[in-house]
Protein chains: 2
Amino acid sequence: MDVELSVAELHGALDDPALNSMNFLNEVANHYPDAISLAAGRPCEDFFDLDALHENLRRFCAYLADDLGYSPQQVRRAVFQYGRTKGIIHELIASNLQLDEGIAIDPESVVVTVGCQEAMFLVLRALRASERDVLLAVSPTYVGLTGAARLVDLPVRPVATGPAGVDLDDLVAVIRRERAAGRRPRACYVMPDFANPSGLSMDVPTRRELLRIARDEDILLLEDNPYGLFHTEADRLPTLKAMDEWRRVVYLGSFAKTVLPGARVGYVLADQRVAATDGSVGLFADQLSKIKSMLTVNTSAIAQAVVGGRLLEHNCSLAKANIREREIYTGNLTRLLDGLADRFPHPANGSARVTWTVPAGGFFVVLTVPFPVDDALLERSARDYGVLWTPMSHFYEQTAPVPALRLSCSVERGERIDTGLDRLADLINDQLV
Amino acid sequence: MDVELSVAELHGALDDPALNSMNFLNEVANHYPDAISLAAGRPCEDFFDLDALHENLRRFCAYLADDLGYSPQQVRRAVFQYGRTKGIIHELIASNLQLDEGIAIDPESVVVTVGCQEAMFLVLRALRASERDVLLAVSPTYVGLTGAARLVDLPVRPVATGPAGVDLDDLVAVIRRERAAGRRPRACYVMPDFANPSGLSMDVPTRRELLRIARDEDILLLEDNPYGLFHTEADRLPTLKAMDEWRRVVYLGSFAKTVLPGARVGYVLADQRVAATDGSVGLFADQLSKIKSMLTVNTSAIAQAVVGGRLLEHNCSLAKANIREREIYTGNLTRLLDGLADRFPHPANGSARVTWTVPAGGFFVVLTVPFPVDDALLERSARDYGVLWTPMSHFYEQTAPVPALRLSCSVERGERIDTGLDRLADLINDQLV
């Protein structure tokens with residue numbers, strides 16, 4: 001058959017496991033639509049409401065008119081015309097960060113993006129200046145970060161996780177090893193709260209020490225926080241950004257889980273000061289905005305209006321807006337953890353063969369088993385057992401099978417979680433025979 | 001002052017004129033809001049209508065339910081949840097291309113993007129595989145294309161325009177010169193209908209010959225067509241894609257001018273066959289989709305729904321949907337061209353000192369003057385004369401002043417166009433003294 005192109009002649013990322021991983025996982029899910037999904041990190045769909053969509057659009061337009069004093073023509077222009085590259089809901093985002101995270105910011109340091117994924121891409125594109133540059137990431141790592149790094153030819157160096165969410169000694173060792181090899185570590189990507197995929201969180205002393213290392217070693221921290229509001233315990237820990245005295249933290253914000261994924265609206269808060277070649281000093285956000293202008297021009301104003309309307313509905317507190325969602329997710333997580341304890345009781349003495357992380361919130365639990373877990377096993381699980389999950393190998397730089405799998409508890413509920421775990425236990429027990 | 005970063009340590013594109021050009025032009029426009037704008041290529045705002053936004057959303061949801069048989073839950077999921085990377089309005093786009101352009105396509109070869117800008121980025125990212133790769137572009141070139149190329153470190157080689165919209169001899173010469181120097185020309189970017197900024201169109205024999213050269217020289221053609229529907233003459237010429245027997249054309253589609261810019265919805269039609277390393281053959285669209293999954297995940301379903309609803313309103317014909325807009329734009333263009341002829345009459349004998357292109361449609365006219373036109377002159381024009389336009393130097397690889405400026409006739413109307421031209425004539429006559 002005649003072909004016009006070959007993958008070998010296209011950008012290397014296209015033949016990379018990181019870019020094919022998402023495709024493969026989606027294909028399995030589509031092929032077995034009746035399987036119970038402990039795989040997807042999609043948010044719960046209970047409160048999706050078309051009337052609320054229209055209401056939120058109206059509420060945002062009313063805010064432009066009543067609070068910001070826009071004329072009817074200016075309102076229509078804001079929603080329909082080309083707009084500000086950095087976005088039009090930056091002031092609402094600033095209010096949200098003040099209320100929910102105790103972070104006081106200049107709204108000018110926010111770039112509203114097409115989901116958090118574009119935010120990651122903008123930052124990585126800016127930081128990758130030469131072949132010497134490398135990115136560090138706590139491993140296992142969210143595959144979207146790895147994929148974005150591939151698109152800008154930025155190598156990702158894994159940093160060990162450890163029980164506190166990041167192994168700080170390993171972090172320093174990796175930075176020094178890279179420097180000794182002539183490379184330039186630019187930043188370390190971290191998810192301090194209920195990380196995807198590990199589910200682990202960093203305690204406060206670890207956060208403080210991480211910030212100190214970033215300052216001393218002159219690297220940035222890319223803090224990704226999509227799950228922070230879904231905590232099972234009464235109190236939340238402060239974000240890195242809230243503790244960021246030395247402007248080392250670039251904060252990546254997502255509304256996919258706290259408002260809705262279909263809007264594709266996220267943001268990056270980048271208040272770092274950047275010296276231009278002419279000696280003037282500006283915000284890192286303005287550099288990211290220049291990249292955005294050549295990538296997506298601006299984030300859909302209609303989509304921003306929907307998210308803005310939802311923020312306004314709850315006076316900019318997403319913690320308040322997500323009271324019902326938080327209850328559901330924490331209930332699901334407790335049910336999942338209790339269900340694992342029931343099905344894989346730890347022996348009174350002797351070591352357990354199946355172990356798991358016990359997160360204090362978020363969507364994910366990692367189950368470690370005494371056999372390699374690969375894509376073929378996932379396909380068998382879907383076909384013969386009717387349950388989906390994610391092989392942990394997808395979250396590592398090396399694609400060799402890892403004896404672990406990720407379970408998600410965001411989509412399935414109640415007895416479906418129990419049934420999913422029954423099926424998973426059958427699979428695991430059959431493997432253990 | 002302490003800084004955390006310096007531009008010198010960030011990606012080279014950030015210090016590039018192409019990325020700063022848009023910023024500069026926006027700044028001048030914002031600084032002189034009362035100046036008459038013959039600069040912006042923004043679409044006319046007469047028909048922006050908030051009620052129509054809600055109606056289009058409802059119409060698209062009704063289509064999902066009634067035509068595609070979605071359950072209410074499936075409708076909500078389509079609009080609110082993460083979705084298909086390639087988009088959800090691909091079938092409507094296929095109908096539109098059939099109706100308005102006479103192009104029969106497989107909807108699977110469409111990737112819906114965050115505006116045409118993301119479509120350009122996806123294609124350039126895919127095609128830039130090594131340092132040998134170069135992109136060709138008819139010069140002067142749309143600055144968004146140059147900016148996207150900068151983000152993937154892809155050099156842009158100018159091809160002369162000539163009176164037929166592209167100088168085919170120069171195209172072949174550039175391809176061969178690049179090959180002789182060990183480089184690999186991947187594609188040539190063209191806007192065959194009412195190009196931005198030149199306003200020029202290619203005649204049919206030129207289009208046919210361009211396709212033949214693309215086949216013989218084994219390059220792709222990136223056809224960008226944002227203005228095709230706004231023709232002053234009764235008949236339109238066929239797009240390159242409609243004449244594309246050998247699958248050499250990647251078609252870049254925009255809804256910014258035909259529906260609305262605020263949705264940020266465009267698409268790329270990429271039906272080229274691509275051989276994978278394992279020998280299987282797929283669509284170029286699927287490779288682009290993998291890149292998109294790591295850039296923006298998917299295009300906002302809400303924004304797609306708004307565009308989809310508008311397509312459905314007119315049975316997928318944007319030509320029909322834009323009858324009023326076409327009338328306005330062609331009226332504006334005629335008024336602008338007549339106004340130029342009135343103010344700069346050509347001498348009966350002897351050569352004219354001020355000349356301009358006479359496009360058969362679109363938004364843009366290029367005025368050539370007998371003095372260099374730089375950014376400083378634009379600032380003076382805005383401040384002292386109250387009229388905005390775009391220095392042509394922004395559309396060239398070299399940033400040296402060029403004795404020409406671009407006029408746009410999309411936003412201003414009627415007597416405002418006349419007044420803008422009066423002011424421009426004052427500026428030009430003062431320069432000629």
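**Two chains, one shared surface: a walk through the model**

Let me begin at a single residue, Ala119(B), which, once its neighbours within four places in sequence are left aside, is in contact with Thr113(B), Leu252(B), Gly266(B), Tyr267(B) and Val268(B). Before I go further, please keep in mind that what you have in front of you is a predicted model.

So where does Ala119(B) sit? Its place is in helix α5 of chain B, which covers residues 115-127. Is Ala119(B) buried or exposed? With 28 other C-beta atoms within 10 Å, and with 20 or more being what it takes to be called buried, Ala119(B) is buried. There is also a pairing that the sequence would not suggest at a glance, in that Ala119(B) and Leu288(B) are 169 residues apart in sequence and yet 8.7 Å apart in space, taken from C-alpha to C-alpha.

The helix around that residue can be described in the same careful way. Helix α5(B) has 13 residues and reaches 19 Å from its first C-alpha to its last, which is close to the 18 Å expected at 1.5 Å a residue. Of the 13 residues of α5(B), 13 are buried, so this helix is largely enclosed by the rest of the structure.

Let me turn now to how the two chains meet. On chain A, 72 residues are in contact with 72 residues of chain B. Which element of chain A gives the most to that side? The answer is helix α5 of chain A, residues 115-127, with seven residues. If we sort the side of chain A that touches chain B by class, we find 38 nonpolar, 20 polar and 14 charged residues.

The arrangement of the copies can be stated as a movement: chain A can be laid on chain B with an RMSD of 0.0 Å by a turn of 180 degrees and a shift of 0.0 Å along the axis. That is the relation of a two-fold axis. Consider also that 100% of the interface residues of chain A are interface residues in chain B as well, so the copies meet through the same surface.

One part of this meeting is a sheet that draws on both chains. Strand β1 of chain A, residues 5-6, is joined by two bridges to strand β10 of chain B, residues 273-275, and these two strands run parallel. Within that pairing, Ser6(A) has Ala275(B) as its bridge partner in β10(B). On the chain B side, β10(B) pairs with β11(B) in the antiparallel sense over three bridges, and here the partner of Ala275(B) in β11(B) is Val281(B). Taken together, three strands form an open sheet in the order β1(A)-β10(B)-β11(B), with mixed pairing. Because β1 of chain A and β11 of chain B, residues 281-283, stand at the edges with a single partner strand each, one side of each is left without a neighbour in the sheet. Helix α9 of chain B, residues 284-293, packs on this sheet and touches β1 of chain A together with β10 and β11 of chain B, while its direction makes about 70 degrees with that of β11(B).

Next, a strand within chain A. Strand β4 of chain A spans residues 133-138, and six of its six residues are buried, so it is largely enclosed by the rest of the structure. Asp133(A), Leu135(A) and Ala137(A) point one way from β4(A), whereas Val134(A), Leu136(A) and Val138(A) point the other way, and all are buried. Which strands does β4(A) pair with? With β6 of chain A, residues 184-190, it pairs in the parallel sense over five bridges, and Ala137(A) has Tyr189(A) as its bridge partner there. With β5 of chain A, residues 156-159, four bridges join the two strands, which again run parallel, and in this case Val138(A) is partnered by Val159(A).

I will finish with some details of the backbone. In chain A, the peptide bond from Asn196(A) to Pro197(A) is cis, with omega near 10 degrees, and Pro197(A) is found in the loop between β6 and α8 of chain A. In chain B, the bond from Asn196(B) to Pro197(B) is likewise cis, with omega near 10 degrees.

Asp153(A), in the loop between α6 and β5 of chain A, has a positive phi of about 55 degrees although it is not a glycine, and with 16 other C-beta atoms within 10 Å it is partly exposed. Asn315(B), in the loop between α10 and α11 of chain B, also has a positive phi, of about 50 degrees, without being a glycine, and with 11 C-beta neighbours inside 10 Å this residue counts as exposed.

Technical notes. Residues are numbered from 1 along each chain as its sequence is written. Chains are lettered from A and ligands numbered from 1 in the order in which they are written. This is a predicted model: local features need pLDDT of at least 70, side-chain atom pairs count only at pLDDT 80 or more; totals for chains, interfaces and linings use all residues. Two residues are in contact if their C-beta atoms, placed from the backbone, lie within 7 Å. Ala, Val, Leu, Ile, Met, Phe, Trp, Tyr, Cys and Pro count as nonpolar, Asp, Glu, Lys and Arg as charged, and the others, Gly among them, as polar. Two strands pair if DSSP finds at least two bridges between them. Copies are superposed by least squares on the C-alpha atoms of residues with pLDDT of at least 70 in both. A residue is buried if 20 or more other C-beta atoms lie within 10 Å of its own, exposed if 12 or fewer, and partly exposed in between; C-beta atoms are placed from the backbone. The expected span of a helix is 1.5 Å times one less than its number of residues. Axes are lines fitted to C-alpha atoms, for helices over the stretch in contact, and angles run from 0 to 180 degrees between N-to-C directions.
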